[in-house]
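Visitor: Please take a close look at the part where the two chains meet.

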Amino acid sequence: MSHIVIDKERCKGCYLCVDECPKKLLKVGESVNELGVRTVEFHDPGHECLGCAMCARRCPDIAITEVYRG
Amino acid sequence: MAELTQVFKVPESIKKGSKFSFCPGCDHGVAVRLVAEVLDELGIRDNSILVASIGCSVTLYDFLEVDSLEAPHGRALAEATGIKRARPDKVVFTYQGDGDFASIGMAESLHCALRGENVTAICINNTTYGMTGGQLGPTTLLGQVTTTSPTGRNIDYYGYPVKIAEHIALCDGTAYSARVSLDSVPNIKKAKAAIKKAFENQLNGVGFSFVEILSTCPTNWKKTPQQAHARVREEMMPVYKLGVYKDITENN
């Protein structure tokens with residue numbers, strides 16, 4: 001099952017990944033990290049993630065640290 | 001269940017535990033990651049020397065796991081020349097902003113290209129001086145409002161912006177000069193290919209290789225990261241056209 005791993009402490013809340021995901025699986029979450037930023041969260045109940053890594057390539061802060069395809 | 005393959009990871013050339021000091025949504029982070037990925041893929045991390053510059057990338061040695069030297073403002077390519085001539089076995093590269101490369105460092109940059117030094121130069125073009133608060137820089141577009149051009153850049157007072165990749169391509173010593181952008185994921189892939197080419201040229205002893213990267217400065221442009229990418233496409237790209245301006249390896 002394709003999925004991504006987010007390091008929330010690296011997220012600065014630019015939300016570029018939210019627009020980039022072709023399946024719209026990334027959302028602005030409720031939790032706040034030590035920068036005071038509402039970080040991005042990955043919700044994929046329907047197992048739609050393609051593992052395309054567009055989000056990780058777009059992220060300027062390598063907050064999406066791992067992407068798996070399968 | 002299908003087997004999982006990892007298609008993305010943090011490059012090994014990024015220092016463990018380091019966090020970029022750039023503003024939210026700034027494309028600098030993407031450019032640094034691309035350089036790190038290229039160093040990984042070519043297996044040259046242990047043999048590379050970075051010459052860091054002045055600007056937002058001033059603390060680049062905190063993010064990249066390579067030997068580094070900090071250069072005085074604009075003098076990165078002068079320093080890189082010295083390092084490469086003393087240690088020709090090393091891969092020497094600079095990472096500079098447009099203000100560092102094409103304003104205070106224009107003489108060093110152009111003469112390094114004219115001498116055809118076998119080094120790699122990466123230049124981030126965000127049309128402003130980002131670190132110091134968004135002043136008018138050498139690449140500021142005509143009409144662009146900055147803190148030192150509050151009514152917009154006009155030709156009478158400030159003159160024209162410099163097209164760096166074209167100028168470097170005009171130098172006879174240049175082996176490779178390209179302009180790429182980071183506004184979209186396909187363009188990020190093309191940018192990585194250009195950076196890789198610039199490093200491969202040095203490994204092959206081809207000569208001076210240069211990549212200009214169109215980047216964003218959401219903070220000083222007073223735009224969201226998304227709006228900043230739209231500006232790159234709509235305002236910067238018509239003036240700073242993407243492409244390879246010189247490649248002497250093309251016909252061989």
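Guide: Two strands are said to pair if DSSP finds at least two bridges between them; helices (H or I, at least four residues) and strands (E, at least two) are themselves DSSP runs, numbered from the N terminus. The model is predicted: local features need pLDDT of at least 70 and side-chain atom pairs count only at pLDDT 80 or more, while totals for chains, interfaces and linings use all residues. Residues are numbered from 1 along each chain as its sequence is written, and chains are lettered from A and ligands numbered from 1 in the order in which they are written.

Across the contact, A:Val67 stands opposite B:Phe8 in S1(B). This strand of chain B pairs with strand S4 (residues 64-69) of chain A in the antiparallel sense, over three bridges.

Taking two residues to be in contact if their C-beta atoms, placed from the backbone, lie within 7 Å, the contact draws 22 residues from chain A and 24 residues from chain B. On the side of chain B that touches chain A, at least two residues each come from strand S1 (5-8), helix H1 (28-42), helix H7 (185-203) and helix H9 (225-236) of chain B. S1(B) gives the largest share of that side, four residues. By class, the side of chain B that touches chain A holds 14 nonpolar, five polar and five charged residues, where Ala, Val, Leu, Ile, Met, Phe, Trp, Tyr, Cys and Pro count as nonpolar, Asp, Glu, Lys and Arg as charged, and the others, Gly among them, as polar.
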